[in-house]
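Trainee: I'd like to go through the cavities and the nonpolar cores here. Can we start with the model itself?

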Amino acid sequence: VAVAREAQQVAMEQELLEGLPLLFKNRPEQVNMALECKGKGGQPCQGAANITVTCERVQRQEAVHNQITSLRRDIKMLQTDAMAPPPQSLAQAAVHTENFITALVNIYTVQQSPAVLQVGVSAFYQVVSFVSEDTLRHPPTRQYLSSCVEILGQVFIQGNAKECGRVLKTILEQRLLCPLISPFFTPNAAPDQFVFLYQDVVTSLHLDTADVIFMLLTKFDLSHWLNEAHPVFSERTRLLELVHGALCVCGRDPEPELLMPLHLFAKHWTLLLRHHFPDHYSDCLRLLMTSSADQLLSPECWKVTLRVLGCLPPSRSTKSKPEQSFSSAVGAPASPHRSPISLSPQQMEETVNWLSDYFLRSRLSKADLRSFGLYSAWVPYMSEVVTFWEHLIGCLINTQVSSCTREPVGGSKVIKEKYVIPPTALQDLHSRLVKLFKPWIFPLDTTDGG
């Protein structure tokens, strides 16, 4: 009723505003004027000169005036009706509902009976069903329904594993309910449903749903789930694939609306990469490379991955503003528990070999890449690729040097020590580096397929 009155008043006031400029109008009118003559040189004047002048004079439009008067009267009557107290039956219903909720909560507090729980859950969704765009526009109704939903949600819904899916479905079907009932969406209360709930959120990610998806993502405490629920490898792998798919939806150059969800997805990506490292290292590297080859990922995904692997410094002092906000959102490794991960020598060698083979296959997969090289396809990520290559090569050299035999120099008396790298080790190191750079710089004969 209140929203209908509001719409009616807006319509009448709009009509009033349209009528006011038409209330007065200039109309042409002829006016007779007498010009007196005072004479000249002592000669009397023969009389006043009568002239006719044509001019425009303002005139009130009576029809418009009557219409405006009627509109003002109707608006005043509407406002008087709006200020009247609500019907007695409505007030009584509100009191009875509050008493019912209070009694229900008190009973459940004393004894958590499944029957009472079911009544509380049903009451929650019943009150939620009353919420609409109209109720949200009327402050008293919005406040009343919000207080009822808050009490019922805190007692009967929050932390209830059985209701997580239903709450999420309700929000995704009616996005206007998200601010109201999302506080009671607790996916960590249902660890066995965690991945399925996350999937429902990710598959609903669109440009127009970004704000709702971000709010829902904040309810997933991924770190707690990993450390407390101890999910099996297959569950974690499935979640990693979902996060990767969401990062691809955000795109290489995300729209402003998708930046906040992107930050949370990137945080979840790094949490999974860190958890029980190197469980998901190979999957993360494979997904990162294959999606970047098609330019589906934001370069920020590379940055957060390289920070985890220690390829980028954790300091944020020299970062630009966009990187500062991104690093802050994803929790850049500024705290002690975010220290970088060090790849073992074996993992380093396996990474270099895999990357060498991957880029060679990529170079040979398409005719244009065979002819013109990989650079054009990897332009958006070249600075990150260079950083990764630099880190890998530096670690390879350090590993090779540290494994070499120390030999004394200067006869029987040791004056100093230096590292002597055997020729075979140098050849092995050189061949690995050549293999790593070969897909980027080696010319290919495109005529014979060689």
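Mentor: First, a term: on a 1 Å grid over the protein atoms alone, a cavity is a set of points where a 1.4 Å probe fits but cannot get out, and lining residues have an atom within 4 Å of a point. Grid points are joined across faces, edges and corners, and a volume is the space filled by probe spheres set on the points. This is a predicted model, where local features need pLDDT of at least 70 and side-chain atom pairs 80 or more, while totals for chains, interfaces and linings use all residues. Residues are numbered from 1 along each chain as its sequence is written, and side-chain values use heavy atoms, without hydrogens and water.

Trainee: What volume does the second largest cavity have?

Mentor: The whole-structure search turns up two cavities of 30 Å³ or more. For the second largest, the volume is about 70 Å³.

Trainee: Which element gives the largest share of its lining?

Mentor: Tyr281, Cys284, Leu285, Leu288, Trp302 and Thr305 are among the lining residues. Two or more residues come from each of α14 (281–293) and α15 (299–308), helices being DSSP runs (H or I, at least four residues). The largest share, four residues, belongs to α14.

Trainee: Which helix gives the most to the largest nonpolar core?

Mentor: Such a core joins buried (under 20% relative accessible area, 1.4 Å probe, protein chains only) Ala, Val, Leu, Ile, Met, Phe, Trp, Tyr and Cys residues through side-chain atoms within 4.5 Å. Among its 97 residues, Ile181, Phe265, Trp378 and Phe388 touch the most other members. With eight residues, the top contributor is helix α19 (residues 382–402).

Definitions and conventions
On a 1 Å grid over the protein atoms alone, a cavity is a set of points where a 1.4 Å probe fits but cannot get out, and a pocket is an open set with protein on both sides within 12 Å along at least five of seven lines; lining residues have an atom within 4 Å of a point. Buried means under 20% relative accessible area, exposed over 50%, partly exposed in between (1.4 Å probe, protein chains only).
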